[in-house]
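Hi everyone, thanks for having me. I'd like to walk you through one structure, so please get it up on your screens.

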Amino acid sequence: MYTKIFRAVIIGAPGSGKGTISNLICKNHGCVHISTGDILRQNIMKNTDLGKKAKEYIAKGQLVPDAIVTKTTLARITEVGNRSYILDGFPRNIAQAEALAAREQIDAVITLDVPHNVIIDRVKNRWIHAPSGRVYNIGFQDPKVPGKDDVTGEPLTQREDDKPDVVAKRLQLYDELMNPVIAWYEKKGLVATFKGKQTKEIWPRMELYLKDRINA
Ligand code: G5P
Ligand code: MG
């Protein structure tokens, strides 16, 4: 059990491994993984009002408007309550960072620095189970049965925004919007950067970093 609540933000380009690393952290340390992208995709699947609004933006690789995403994410944080969490995909710009800071005391900002050419190759092989957000990758993290989710056996799908032209747009938008956000958090002394081409290379360093911060 925790002796301390750990509230972290994870930042990295599309396909850099935020979801993969967040899942590893939460599996090993029992925290809650909050992914705004997963929340939005689940709403698209269920065809909710939020899903209907988000769909077009996501398909084009654009940001969903702040007002919608901020309200949804803060509501999810409230549901999580007094537990450690890793916030993946939020904030996406300074306005979202300010809205988060007004509500939450963030303990750490973890950034993943993975070369763009590595990312472009990776996302071609990404398959997801959209209802749960579970992520697979052919040749890296294969499902036990090809094309099927390990837990439910349901079919896996590819993300609409993983088409090469949309990925290129998402990478460009990331550099434009997230460099200022990282600088904003650096001024607060919160940032720890993990550089590498593979998750298995980053993970042991992440474990060392987390050792004194998150108590299992
Ligand atoms: P998302 O969902 O936040 P992105 O673009 O930030 O999307 P994405 O694509 O989900 O990030 P990731 O989580 O960083 O990437 O990466 P991942 O899924 O863990 O890993 C990528 C693939 O590589 C996987 O298949 C994984 O298995 C594999 N992999 C991992 N490590 C390795 C390795 O070492 N080797 C190999 N070979 N493979 C590996 O946002 C989506 C959209 O939602 C909207 C926006 O429209 C956004 O574009 N959105 C928001 N809009 C406004 N404000 C917000 N806050 C928003 N949040 C989301
Ligand atoms: Mg993700």
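I'll go from the sheet to the helices, and then to the ligand.

One thing before we start: this is a predicted model. Okay, find the sheet. It's an open one with 5 strands, in the order S2-S3-S1-S4-S7, and the pairing is parallel. Which strands stand at the edges? Those are S2, residues 32–35, and S7, residues 191–195. Each has a single partner strand, so one side of each is left without a neighbour in the sheet. And if you tilt your view, you'll see that neighbouring strands are turned by 20° against each other on average, ignoring direction.

Let's zoom in on one pair. Strand S1, residues 7–12, runs parallel to strand S3, residues 85–88, and 4 bridges join them. You can pick out isoleucine 10 there, standing opposite aspartate 88 in S3.

Now, what packs on this sheet? Helix H1, residues 18–29, does, and it touches S1, S2, S3 and strand S4, which is 108–113. The direction of H1 makes about 175° with that of S3.

On to helix H2, residues 36–46. Its buried residues are Thr36, Gly37, Asp38, Ile39, Leu40, Arg41 and Asn43. What do they pack against? The answer is S2, helix H3 (49–60), helix H4 (66–80), S3 and strand S5 (126–129). Right after H2 comes asparagine 47, and its phi is positive, near 55°.

Helix H4 is also where you'll find threonine 70. Is threonine 70 buried or exposed? Its relative accessibility is 14%, so it counts as buried. Leaving out neighbours within four places in sequence, threonine 70 is in contact with Phe90, Gln96 and Ala99.

Okay, the ligand. There are 33 residues around ligand 1, and the closest are Thr20, Gln62, Arg126, Arg170 and Thr199. Some backbone atoms come in here too. An oxygen atom of the ligand is 2.6 Å from a polar backbone atom of glutamine 62, and a nitrogen atom of the ligand is 2.8 Å from one in glycine 89. With tyrosine 136, a ligand oxygen is 2.9 Å from a polar backbone atom.

What does the UniProt record say? Its entry is unreviewed, and under "binding site" it lists Gly15, Ser16, Gly17, Lys18, Gly19, Thr20, Arg126, Val135, Tyr136 and Thr199. Let's look at two of those.

Threonine 20 sits in helix H1. It's buried, because its relative accessible area is 16% and the limit is under 20%. Setting aside residues up to four places away in sequence, threonine 20 touches Phe140, Gln141 and Thr199.

Tyrosine 136 lies in strand S6, residues 134–137. This one is buried as well, with a relative accessible area of 5%. Beyond four places away in sequence, tyrosine 136 touches a whole list of residues, including Arg126, Trp127, Pro143 and Leu156.

That brings us to tryptophan 127, which is in strand S5. At 30% relative accessibility, tryptophan 127 counts as partly exposed. Its contacts, again without residues up to four places away, include Arg134, Val135, Tyr136 and Ile138. How far apart in space are tryptophan 127 and proline 143? They're 9.1 Å apart, C-alpha to C-alpha, and 16 residues apart in sequence.

That's my tour, thanks for listening!

How values were computed. Residues are numbered from 1 along each chain as its sequence is written. Chains are lettered from A and ligands numbered from 1 in the order in which they are written. This is a predicted model: local features need pLDDT of at least 70, side-chain atom pairs count only at pLDDT 80 or more; totals for chains, interfaces and linings use all residues. Side-chain values use heavy atoms; hydrogens and water are left out. Two strands pair if DSSP finds at least two bridges between them. Helices (H or I, at least four residues) and strands (E, at least two) are DSSP runs, numbered from the N terminus. Axes are lines fitted to C-alpha atoms, for helices over the stretch in contact, and angles run from 0 to 180 degrees between N-to-C directions. Contact means heavy atoms within 4.5 Å. UniProt positions are given in the numbering used here, feature names are shortened, and annotations may be inferred rather than shown by experiment. Buried means under 20% relative accessible area, exposed over 50%, partly exposed in between (1.4 Å probe, protein chains only). A residue is near a molecule or strand if one of its heavy atoms lies within 4 Å of it. A polar contact is a pair of N or O atoms within 3.5 Å; within protein, one must be able to donate a hydrogen and the other to accept it, and residues adjacent in sequence count only if both atoms are side-chain atoms.
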